Amino acid sequence: MHAAIMPASMDEPHAHPRDSVTARDAHALHTPPASVPQAHVRLSRRLTVASLLALIALGLAWELWLAPIGGGTLALKVLPLCLPLAGLLKNRMYTYRWLSLLVWLYILEGLVRATSGEPARVVVLALAEILLGLALFTGCVLHIRLRLRDAREARPSETASTAP
C-alpha cells in the first residue's frame, strides 16, 4: 500500500488507540456539523460578489456604450472577472485569495485612465472603476481574514471537546 494513502495506524504497528482509524471514525460520528457562517462573514461575501458584479457591469457599459474605444473590443477586459464568479458563489477561499491579486490590474487601469488627460466622462468612469476595485479588494481581504479568524476560534473549542 502506498504510504500517502495508508492510515497512520497501519503504518505504525504500535499506534496509540486514540490515533487509530476506528477511534477517529467513532469520534467523527459525534462531531457537530460545520457551523453556519457568521453575519460578518456573509456581509463580506456579499460585498465581494456585489462589487465584482458591479465592476463587470461597469467594464461592459464603459467599453460598449458610455465611452467605447477600439470598436468595443476592450470589453473583453472583463472576461477575467467572470472566472471567479463560480468560486465566489461556492465560497472557495482560494478564489478570494487570487481575486484579491487580480483586482489590482483593474485598479491600475482606472488610475492610468483617470490621469491620462481623457475627457471628464472617462475620468468619472475611471474613478468608479478604482472605487469598485478597492471595494472588491476590501471585501476579499475582509472575507479571508474573518473566515481564518473564525476557523482559529473554532479550533480550540473542538480540541477541548475531544480531550478525554
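**Exercise 1.** How many helices and how many strands does the secondary structure of the protein come to?

*Solution.* In this predicted model, the count comes to seven helices and zero strands. Reading from the N terminus on, one therefore writes the order of elements as α-α-α-α-α-α-α. Turning to the contacts with a separation of 6 or more, one finds that residues 24 or more positions apart account for 70% of them.

**Exercise 2.** Determine whether E129 is buried or exposed, and describe its surroundings.

*Solution.* Begin with the location, which is helix 7, spanning residues 120-162. The relative accessibility of E129 is 2%, and because buried means under 20%, E129 counts as buried. Next, look for a polar partner: the side chain of E129 reaches the backbone nitrogen of G110 at 3.4 Å. Finally, list the contacts of E129, leaving aside neighbours within four places in sequence; these are L55, L58, W62, K77, Y106, E109 and G110.

**Exercise 3.** Which residues of the largest nonpolar core touch the most other members?

*Solution.* The core holds 16 residues, of which L52, L55, L81, L88, L99 and L136 touch the most other members. Two or more residues are given to this core by each of helix 3 (39-66), helix 6 (93-114) and helix 7, with helix 6 giving the most, namely seven residues. To examine one member, take L88, which, leaving aside neighbours within four places in sequence, is in contact with R45, T48, V49, L52, T95, Y96 and L99. Apart from the largest core lies another core, of eight residues, including L58, W62, A67 and A126.

Note on methods. Residues are numbered from 1 along each chain as its sequence is written. This is a predicted model: local features need pLDDT of at least 70, side-chain atom pairs count only at pLDDT 80 or more; totals for chains, interfaces and linings use all residues. Side-chain values use heavy atoms; hydrogens and water are left out. Helices (H or I, at least four residues) and strands (E, at least two) are DSSP runs, numbered from the N terminus. Buried means under 20% relative accessible area, exposed over 50%, partly exposed in between (1.4 Å probe, protein chains only). A polar contact is a pair of N or O atoms within 3.5 Å; within protein, one must be able to donate a hydrogen and the other to accept it, and residues adjacent in sequence count only if both atoms are side-chain atoms. Contact means heavy atoms within 4.5 Å. A nonpolar core is a set of buried Ala, Val, Leu, Ile, Met, Phe, Trp, Tyr and Cys residues joined through side-chain atoms within 4.5 Å.
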